[in-house]
Amino acid sequence: MRAGGAAVAPLSAPPFRRYLLGQLPSLTGSWAQVVALSWWVESLDPKALGWVVALQFLPSLVLGPWFGVVADRHNRRRLLMLAECGLGLVAAAYALASLAGVLTLPVIYGLATAWGVINALDTPARRALVPALVPPHQAASASALTGTVLLIGMAAGSAVGGSLVAAAGVTAAFAVNAASFLADVAVLSTIRPGPSPRVKRAPRQVREGLSYVARTSELRAPLLTLALIATLAFTMQVSVPALVRQSFAGGPAQLGAALTALAAGSLAGTLVRAARGMPGPRALPLATAIMAGGLAVTAVAPVLPAALAGLAAVGIGWSCFLGTTIAILQSADPRMLGRVMSLFALVLLGGTAAGAPVASSLATSLGPRAPFFAGTAAAIAALAVAAGRTSTRPRPSRRERPAAGPLGPGNRRTPAPSRQE
């Protein structure tokens, strides 16, 4: 009961409740768009899907660290509202181009790039805003609840997207997503978050953030593991449509079902992550092992139901892994949080950008199951890194007091976990 109470304690904060309320329709619409866009690009040219996903995430590699500094300097709520407005306009452009019959690959490439640039600002602003909506001791649970809502939106959006595309075409899904951002911006305008550090403009602030992460092993190791997973093991926007269409002769409804299974597993994993509190040393290895098993099952699945079970396991492992990584990173020095979370976005989205063309090429040249075999190998390698981090975890010296607060610039220790995993 105590674990369950701790998991939902952030909901007692009105700003956080409002934030989640605005996120749900926006996330549902965004995942409806993922289904529609994946299906449309796959029908135009299966090889192009990897490049579309890459263009959506590549700007985070170039702009992510600088946007992290922007998030540390300015009002994060206003930055997030600006980004949400921009994403809504891009979704509206998809809908109008589809309605006019001009949604060709060059147009998609341009809109995907615009989406990626705006998303590079959205991610650090959002991740740095959440801790300011709740008391400090509830930040880990708030992050897990945010992931829970994301996955509810993913599951609902995948189902809605599959149904909309099958019944009314891709234009309807794009239009629904554009409208959903209006609700999110309206709710964000009513939120008054707690005070957050406003770093003054100074030279070399991007380099300062990189140096802070590089010398803080508790932040560096999860990012290295995330790089392996994001690049080769979680290429679902490319690998799942190819698997459903080519291996199981499925249509939009089957694609929606596959993404829904992935989201449902992720939701289950996130609920477990929320109830566990601050992650212990075994959290990353366990989550990575679950991912490796799920990818292996999906790779050899003879029928679609077996693949759905494997995808659900992948979702469980991925959400536990991602929630653990975010909780660890959000324990960073608040003055550095925007930059730390921008590096998280750089690794996550940049890894996805790099991995998407690789997965697309593997599916085209070796078959639709090849990305899942590659992902299994990458997850096993990440497991070795995560397990090595646990086994070589340094012990504090006698002079060191147990860490009770965030990781300051000179403190490499994480807060003491509330519950070991």
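# A guided tour of a helical model

Select helix α3 (residues 48–73) together with α10: the two pack at an angle of about 160°, their axes lying 9 Å apart. The axes are lines fitted to C-alpha atoms, for helices over the stretch in contact, and angles run from 0 to 180 degrees between N-to-C directions. Helices (H or I, at least four residues) and strands (E, at least two) are DSSP runs, numbered from the N terminus. The model is a predicted one, in which local features need pLDDT of at least 70, side-chain atom pairs count only at pLDDT 80 or more, and totals for chains, interfaces and linings use all residues. Residues are numbered from 1 along each chain as its sequence is written, and side-chain values use heavy atoms, with hydrogens and water left out.

**First stop: α3 and its partners**

Helices α3 and α10 are therefore roughly antiparallel to each other; angles over 145 degrees count as roughly antiparallel, under 35 as roughly parallel, 65 to 115 as roughly perpendicular and the rest as oblique. Their crossing is right-handed. A crossing has that hand if the near helix is turned clockwise from the far one by less than a right angle, and is left-handed if anticlockwise. To display the contact (heavy atoms within 4.5 Å), show Leu49, Gly50, Val53, Gln56 and Phe57 in α3, which meet Gln237, Val238 and Pro241 in α10. By class, the residues of this contact comprise 5 nonpolar, 3 polar and no charged. Here Ala, Val, Leu, Ile, Met, Phe, Trp, Tyr, Cys and Pro count as nonpolar, Asp, Glu, Lys and Arg as charged, and the others, Gly among them, as polar.

Keep α3 selected and add helix α5 (residues 105–129), which packs with α3 at an angle of about 30°, the axes being 7 Å apart. Helices α3 and α5 are therefore roughly parallel to each other, and α3 passes α5 in a right-handed crossing. On the α3 side, the contributors include Trp51, Leu55, Leu63 and Phe67, and on the α5 side they include Ile108, Tyr109, Trp115 and Leu121. The contact of α3 with α5 contains 19 nonpolar, 5 polar and no charged residues.

**Second stop: α12 and α13**

Move to helix α12 (residues 283–300) and helix α13 (residues 304–329), whose axes come within 7 Å and cross at roughly 160°. That angle makes α12 roughly antiparallel to α13. The crossing of α12 past α13 is left-handed. Their contact holds 16 nonpolar, 7 polar and no charged residues.

**Third stop: the nonpolar cores**

A nonpolar core is a set of buried Ala, Val, Leu, Ile, Met, Phe, Trp, Tyr and Cys residues joined through side-chain atoms within 4.5 Å. Buried means under 20% relative accessible area, exposed over 50%, and partly exposed in between (1.4 Å probe, protein chains only). Select Tyr94, Leu226, Met236, Val240, Trp318 and Phe344, the residues that touch the most other members of the largest core, which has 97 residues. Helix α14 (residues 337–366) gives the most to this core, with 12 residues. Centre the view on phenylalanine 344: beyond the residues up to four places away in sequence, it touches Arg127, Leu223, Leu226, Leu322, Thr325, Ile326 and Leu329. Apart from the largest core lies another, of 17 residues, among them Phe16, Met81, Val149 and Ile191.

**Fourth stop: individual residues**

Select glutamate 84, found in helix α4 (residues 76–99). At 1% relative accessibility, glutamate 84 counts as buried. Leaving out residues up to four places away in sequence, glutamate 84 touches Gln23, Ser26, Asp122, Arg126, Phe181, Asp184, Val185 and Leu188.

Serine 180 lies in helix α7 (residues 170–188) and, at 7% relative accessibility, is likewise counted as buried. Its contacts, again setting aside residues up to four places away in sequence, are Pro25, Ser26 and Gly29.

Proceed to methionine 154 in helix α6 (residues 139–168), buried with a relative accessible area of 3%. Measure from its C-alpha atom to that of leucine 259: the separation is 8.0 Å, although the two residues are 105 residues apart along the chain. Apart from neighbours within four places in sequence, methionine 154 is in contact with Trp31, Leu259, Leu262 and Ala263.

Finish at alanine 249, in the loop between α10 (236–247) and α11 (252–276). Alanine 249 counts as exposed, at 70% relative accessibility. Its phi is positive, about 50°, although the residue is not a glycine. Most residues other than glycine have a negative phi.

**The whole chain**

Zoom out to view the protein, which has 15 helices and 0 strands. Of its 421 residues, 57% count as buried. Among contacts between residues at least 6 apart in sequence, 86% join residues at least 24 apart.
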